[in-house]
Amino acid sequence: MPHKIKQQRIECPNCGHHIRVEIDASDGDQDYYDECPACCMEMHMNLHIDEYRQKIQLAVCSDNEQIF
Ligand SMILES: [Zn+2]
């Protein structure tokens, strides 16, 4: 699989600030935390690579409203 870095624009779930993030799709599925530069709240990033359809799904949520 070629090394792929994609840029995606996300919206902070806490303050609505738009952030551009770089996604390294060659690493597969990822689950990590990032800090919003505007409100300094942690965002829970959930990255899913759909290799079959060549699609990247990025879900962002704040930890305040976790739904399981
Ligand atoms: Zn924010």
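Mentor: Start with the term pairing: two strands count as paired once DSSP finds at least two bridges between them. Strands themselves are DSSP runs of E with at least two residues, helices are runs of H or I with at least four, and both are numbered from the N terminus. The model is predicted, so local features need pLDDT of at least 70 and side-chain atom pairs pLDDT 80 or more, while totals for chains, interfaces and linings use all residues. Residue numbers start from 1 along each chain as its sequence is written.

Trainee: What makes up the chain, in helices and strands?

Mentor: The chain has zero helices and five strands. From the N terminus, the elements read β-β-β-β-β.

Trainee: How do you know that β3 and β4 pair?

Mentor: Six bridges join β3 to β4, residues 42–50. The definition asks for at least two, so β3 and β4 are paired. The two strands run antiparallel. Among the bridge partners, Y32 is matched with M45 in β4, and E35 with E42.

Trainee: Which strands does the open sheet hold, and in what order?

Mentor: Three strands, in the order β3-β4-β5, with antiparallel pairing. β3 (30–35) and β5 (55–62) are the edge strands.

Trainee: Why are β3 and β5 called edge strands?

Mentor: Each pairs on one side only. As for twist, neighbouring strands of this sheet are turned by 25° against each other on average, direction ignored. The angle is taken between N-to-C directions, on a scale from 0 to 180 degrees, using axes that are lines fitted to C-alpha atoms.

Trainee: Why is L47 called buried or exposed?

Mentor: A residue is buried if 20 or more other C-beta atoms, placed from the backbone, lie within 10 Å of its own; 12 or fewer make it exposed, and counts in between make it partly exposed. L47, in strand β4, has 20 C-beta neighbours inside 10 Å and therefore counts as buried.

Trainee: What does L47 touch?

Mentor: Contact means that the C-beta atoms of two residues, placed from the backbone, lie within 7 Å. Leaving out residues up to four places away in sequence, L47 touches I23, D29, Q30, I56 and L58. L47 and D29 are 18 residues apart along the chain, with 5.4 Å between their C-alpha atoms.

Trainee: Which exposure class does Q30 get, and why?

Mentor: Q30, in strand β3, has 14 C-beta neighbours inside 10 Å, so Q30 is partly exposed. Q30 also lies 6.7 Å from H48, C-alpha to C-alpha, at 18 residues apart in sequence.

Trainee: What makes β3 "hardly covered"?

Mentor: Of its six residues, the count of buried ones is zero. For the chain, buried residues make up 6% of the 68 residues.

Trainee: What is noted about the phi of C40?

Mentor: C40 has a positive phi of about 60° although it is not a glycine. C40 is in the loop between β3 and β4, a hairpin with six residues between the strands. C40 has 9 C-beta neighbours inside 10 Å and so counts as exposed.

Trainee: And what is the phi of Q54, and where is Q54 found?

Mentor: The phi of Q54 is near 55°, positive in a residue other than glycine, and Q54 is found in the loop between β4 and β5. Q54 is exposed because it has 9 C-beta neighbours inside 10 Å.
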